[in-house]
Amino acid sequence: MSNGIFLKLPHKMDIYTKTITTSVAGQRTVSYSKSATVKTFFQPISSERRVSPYTDNIDEYQFYVSYRDAASISYDNRIQNIVDRYGNVVYAGPIEIVNIVKQPGFNGKIRHIQLVGRVVVENA
């Protein structure tokens with residue numbers, strides 16, 4: 001068992017928390033700062049090709065995270081620097097979280113959380 005669940009979590013990912021600051025002139029600036037490093041299982045699930053206004057391939061990824069790390073997961077956060085067990089960067093990111101699903105185990109307790117993330121395409 002890895003981290004209290006039956007899934008093996010061979011990857012690690014950095015969670016970045018969204019911070020909004022307002023200047024004296026009233027302009028809002030969004031920045032992201034690293035808040036946690038979480039063990040995960042990472043796999044690609046789909047890819048979408050968008051042609052308007054620019055041609056982009058938007059990939060989606062699926063993550064499994066232990067229920068113990070639920071406090072650091074929210075829709076405002078972003079995922080970066082996905083690393084395998086050998087320390088190699090698999091994907092640098094950023095990835096936005098678009099779906100959070102709590103998955104129960106065999107005994108009915110929440111044992112892991114499934115995340116679906118989409119590659120961030122700026123100025124879209």
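Glu 60 is buried, with a relative accessible area of 16%. That puts Glu 60 under the 20% cut-off for a buried residue. This value, like the others here, comes from a predicted model. The side chain of Glu 60 doesn't sit there without a partner: a salt bridge joins Glu 60 to the side chain of Arg 118, at 3.2 Å from N to O. Glu 60 belongs to strand S3 (residues 56–66) and Arg 118 to strand S7 (residues 110–119), so this pair ties together parts that are 58 residues apart in sequence. Arg 118 itself comes out as partly exposed, at 29% relative accessibility.

So what lets two side chains pair up like this? Side chains of opposite charge can do so when their charged atoms come close.

How many salt bridges turn up when the whole structure is searched? The search finds two. Besides the pair already described, there is one between the side chains of Asp 14 and Lys 34, with an N to O distance of 3.6 Å. Here, Asp 14 is part of strand S1 (residues 11–22) while Lys 34 is part of strand S2 (residues 28–50), so the bridge ties together parts that lie 20 residues apart in sequence. As for how covered the two partners are, Asp 14 is buried, with a relative accessible area of 10%, whereas Lys 34 is partly exposed, at 49%.

Next comes a residue from a loop. Asn 77 is found in the stretch between S3 and strand S4 (78–83). Is this loop residue buried or exposed? With just 6% relative accessibility, Asn 77 counts as buried. Its surroundings can be listed too: once the neighbours within four places in sequence are set aside, Asn 77 is in contact with Ile 15, Tyr 16, Thr 17, Lys 18, Ser 72, Glu 96 and Ile 97.

Now for the protein as a whole. Its secondary structure amounts to seven strands and zero helices, so, with strands written as β, the order from the N terminus on reads β-β-β-β-β-β-β. Buried residues make up 33% of the 124 in the protein. Take the contacts with a separation of 6 or more: 53% of them are between residues 24 or more positions apart. Finally, the accessible surface of the protein adds up to about 7,800 Å², and carbon and sulfur atoms account for 49% of that area.

Definitions and conventions:
Residues are numbered from 1 along each chain as its sequence is written. This is a predicted model: local features need pLDDT of at least 70, side-chain atom pairs count only at pLDDT 80 or more; totals for chains, interfaces and linings use all residues. Side-chain values use heavy atoms; hydrogens and water are left out. A salt bridge is a side-chain nitrogen of Lys or Arg within 4 Å of a carboxyl oxygen of Asp or Glu. Helices (H or I, at least four residues) and strands (E, at least two) are DSSP runs, numbered from the N terminus. Buried means under 20% relative accessible area, exposed over 50%, partly exposed in between (1.4 Å probe, protein chains only). Contact means heavy atoms within 4.5 Å. Accessible areas come from the Shrake-Rupley method with a 1.4 Å probe; for residues, only the protein chains shown count as cover.
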